[in-house]
Amino acid sequence: MEYVIYIALGCSIAAFALSLIACARIGKFVASTADTDWETLANLTGDIAALKRTCQTLNNRLNGMNKATIPQEQIIQQMLEHQNVEQIRRGG
């Protein structure tokens, strides 16, 4: 039964060490962003929006390249069929 106590002690020491590491990382983040003002934040937001639009445009272009193209003969055939239907409807 003693091994359970040692396992619990080891887990609590590991949890304490991880919490110290997390506190150190948070402190480092706060120190690095201490001089950030609202103008810098607005500029970063605008830059991110521009990058997002660029990525979406690129993805749309790439998706357009992957679409199967309809052969020109098939398009011409559909146009002729459509013209025939229109002539029948008009009585011609």
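How far apart are the end C-alpha atoms of α1, and what span should its 31 residues have at 1.5 Å a residue?

**View 1. Helix α1 from end to end in the predicted model.** The end C-alpha atoms of α1 are 46 Å apart, which agrees with the 45 Å that its 31 residues should span at 1.5 Å a residue, the expected span being 1.5 Å times one less than the number of residues. The number of buried residues in α1 is 0, so the helix lies largely in the open; buried means under 20% relative accessible area, exposed over 50%, and partly exposed in between, with a 1.4 Å probe and protein chains only. This is a predicted model in which local features need pLDDT of at least 70 and side-chain atom pairs count only at pLDDT 80 or more, whereas totals for chains, interfaces and linings use all residues. Residues are numbered from 1 along each chain as its sequence is written, and side-chain values use heavy atoms, with hydrogens and water left out.

**View 2. Serine 12 in helix α1 (residues 2-32).** A polar atom of the serine 12 side chain lies 2.8 Å from the backbone oxygen of leucine 9. Serine 12 is partly exposed, because its relative accessible area is 40%.

**View 3. A nonpolar surface patch that includes tyrosine 3.** Met1, Tyr3, Val4 and Ile7 make this patch of about 490 Å², where patches join nonpolar side chains (Val, Leu, Ile, Met, Phe, Trp, Tyr) within 5 Å, or like charges within 9 Å, from residues with over 30% relative accessible area and no salt bridge (a side-chain nitrogen of Lys or Arg within 4 Å of a carboxyl oxygen of Asp or Glu). Tyrosine 3 belongs to helix α1 and is exposed, because its relative accessible area is 55%.

**View 4. Confidence along the elements of the chain.** Helix α3 (residues 72-90) has the lowest mean pLDDT, 73, and α1 the highest, 96, pLDDT being the predictor's confidence in each residue from 0 to 100.

Methods. Helices (H or I, at least four residues) and strands (E, at least two) are DSSP runs, numbered from the N terminus. A polar contact is a pair of N or O atoms within 3.5 Å; within protein, one must be able to donate a hydrogen and the other to accept it, and residues adjacent in sequence count only if both atoms are side-chain atoms. Accessible areas come from the Shrake-Rupley method with a 1.4 Å probe; for residues, only the protein chains shown count as cover.
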